[in-house]
Structures are given as C-alpha cells and as structure tokens.
Amino acid sequence: MFNQDDRAIYDSLPEFLAVRETRVEVKQAGFRTRIIIVASTLLDADEITKTDLAKLYRTRWNAELDLRSLKQTLQMDILRCKTLELVRKEIWTHILAYNLLRTIMAQAAKEHEIDPRSISFKGTFQTLEAFQQVIAMHSEKNSEFRWVVYQLMLDEIASHRVANRPNRYEPRRRKRRPKPYDRLMMPRNEAKRQLAKGVRDN
C-alpha cells in the first residue's frame with residue numbers, strides 16, 4: 001500500500017510520458033547482440049544523437065561490474081543473516097563499505113590525475129587490508145605522520161590499474177566443473193548429527 005509520501009510522488013507524475021525509441025545496430029565482432037532498441041526521454045535527436053545514446057547505453061556495463069564488486073569482492077553474494085531487519089542492515093553495511101572504497105579510489109585518482117574507473121576495486125580492497133595493521137599501530141601518532149601514511153596508501157591504490165578493454169568479449173561458459181558432491185538438503189547441524197550416528201549418505 002502507498003503511504004502519504006508515495007501517494008504525493010505518484011500524483012505529481014504526468015499522465016503521459018514522451019519516450020524516444022532509437023534502433024542501434026551493433027557491428028562489433030564477438031558481441032552477441034546485433035540490434036538494440038534504446039528507450040530514452042532525451043527527445044532532441046539533434047542535441048543527443050543516436051551515437052550518443054549508443055555510447056551512453058554501453059556504459060551501463062559499469063553497473064554490472066559494480067554489482068560484481070559487491071557480490072564477489074565484498075562477499076555479498078550470500079546473505080548470512082536470518083531476520084529481515086538484520087538482512088537490511090547487512091545489505092546497507094555492504095553498500096556503505098562499497099561507497100567508502102569508491103571514495104578512497106576517487107581520492108587516489110584525483111591525487112594522480114587518472115580516471116577513477118582505471119583503478120582496480122579489488123586492488124583497493126586488498127591495499128586497505130594490508131594497511132589496516134599499520135594504521136592501527138600508529139593511530140596515536142600525530143596528524144602529520146598519519147597524513148604521510150595515508151598518502152602512501154593512496155599511492156599504492158593508484159598503482160593497481162585495470163586495463164581499458166572496451167571491445168572485450170568472452171564465451172559465456174564456465175570453465176571450472178562442479179565438484180561431484182550431492183547438494184546439502186538439510187541444516188548442516190542435522191547432517192552432522194546423522195553422520196555421528198553412523199547414517200551414511202546414499
């Protein structure tokens with residue numbers, strides 16, 4: 001059900017929305033998609049051309065990479081909390097950590113005058129882990145010393161670069177084979193109790 005704020009936002013929306021559909025042909029070798037239809041509210045075809053929309057649509061891949069960083073590097077692929085409230089907190093904690101990492105990457109990029117997207121997210125994560133003990137050991141030092149350590153950390157983060165491969169394509173296949181084990185179809189504690197009683201898996 002709508003609350004009052006949702007209803008106010010909904011009522012403020014126009015009755016109709018003009019949308020521009022642009023047909024884009026993909027000619028890049030190795031790409032699976034050949035024709036895409038980009039829907040946009042950018043209606044002026046002279047100001048925003050078909051090529052502009054195609055380039056903008058292509059940058060959506062960054063969203064996929066960001067989700068991969070959250071799910072794999074920050075290990076949000078499996079949520080471990082059991083209650084709805086704790087799951088919400090777990091998700092927001094991951095998002096907070098992600099934004100903090102991106103902020104540090106942006107600072108390192110600014111210091112070295114490079115594109116923030118050219119810095120490795122995983123490399124930044126690993127660098128922060130490596131510097132964690134150093135920062136903890138010298139937390140009582142003066143601000144000038146801490147600033148030197150921080151600058152060294154930014155330098156190290158900026159050194160972890162990722163290649164710019166805009167036309168990269170890969171087969172959509174898994175290389176590693178699954179392990180030859182059945183799936184665990186009961187709570188782990190119950191399965192361990194059965195093993196302790198001598199009950200063998202079929």
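## Exercises on helix packing and local geometry

Helices α3 and α4 are oblique to each other, a class for angles left over once those under 35 degrees are taken as roughly parallel, those over 145 as roughly antiparallel and those from 65 to 115 as roughly perpendicular. The model is predicted, so local features need a pLDDT of at least 70 and side-chain atom pairs count only at pLDDT 80 or more, whereas totals for chains, interfaces and linings use all residues. Residues are numbered from 1 along each chain as its sequence is written, and side-chain values use heavy atoms, without hydrogens or water.

**Exercise 1.** Work out how α3 and α4 are arranged, and which residues make their contact.

*Solution.* Begin with the elements: α3 covers residues 61-73 and α4 covers residues 84-112, where a helix is a DSSP run of H or I with at least four residues, numbered from the N terminus. Next take the axes, which come within 10 Å and cross at roughly 120°; they are lines fitted to C-alpha atoms over the stretch in contact, and the angle, on a scale from 0 to 180 degrees, is taken between N-to-C directions. That angle places the pair in the oblique class. Then determine the hand: α3 passes α4 in a right-handed crossing, that is, with the near helix turned clockwise from the far one by less than a right angle (anticlockwise would be left-handed). Finally, list the contact (heavy atoms within 4.5 Å): D66, S69 and L70 of α3 meet H94, I95, Y98 and R102 of α4.

**Exercise 2.** Describe the surroundings of H94, beginning with whether this residue is buried or exposed.

*Solution.* H94 sits in helix α4 and has a relative accessibility of 14%, which means that H94 counts as buried; the limits are under 20% for buried, over 50% for exposed and the range in between for partly exposed, with a 1.4 Å probe and protein chains only. Look next at the polar contacts of its side chain, each a pair of N or O atoms within 3.5 Å in which one can donate a hydrogen and the other accept it, residues adjacent in sequence counting only if both atoms are side-chain atoms. The H94 side chain reaches the backbone oxygen of E90 at 2.8 Å and the backbone oxygen of L74 at 3.1 Å. If neighbours within four places in sequence are set aside, H94 is in contact with L70, L74, Q75 and M76. Q75, one of these partners, belongs to the loop between α3 and α4, is partly exposed at 48% relative accessibility, and has a phi near 60°, a positive value in a residue other than glycine.

**Exercise 3.** Follow the chain from α4 through α5 to α6, classifying each helix pair.

*Solution.* At the step from α4 to α5 (121-137), the loop holds E113, whose phi is near 55°, likewise positive in a residue other than glycine, and which is exposed with a relative accessible area of 74%. The axes of α4 and α5 come within 10 Å and cross at roughly 95°, so this pair is roughly perpendicular. Their meeting residues are Y98, L101, R102, I104 and M105 in α4, with F121, T124, F125 and L128 in α5. For α5 and α6 the axes again come within 10 Å, here crossing at roughly 160°, so the pair is roughly antiparallel, and the crossing is right-handed. Here T124, T127, L128, F131, V134 and I135 in α5 meet V149, L152, M153, E156 and I157 in α6.

**Exercise 4.** Connect I104 with the aromatic pair formed by W147 and Y150.

*Solution.* I104 lies in helix α4 and is buried, with a relative accessible area of 16%. Not counting residues up to four places away in sequence, I104 touches L128, Y150, L154 and I157. Turn now to the rings: aromatic pairs, with ring centres of Phe, Tyr or Trp (its six-membered ring) within 6.5 Å and planes under 30 degrees apart for stacked, over 60 for edge-to-face and the rest for tilted, number two in this model. One of them joins W147 and Y150, and is tilted, at 6.0 Å centre to centre and 35° between the planes. Both residues lie in α6 (residues 143-159), three residues apart, or about one turn of the helix. Y150 has a relative accessibility of 25% and therefore counts as partly exposed.

Terms used:
Helix = DSSP H or I, 4+ residues; strand = E, 2+ residues; numbered from the N terminus. Left-handed = near helix turned anticlockwise from the far one by under 90°.
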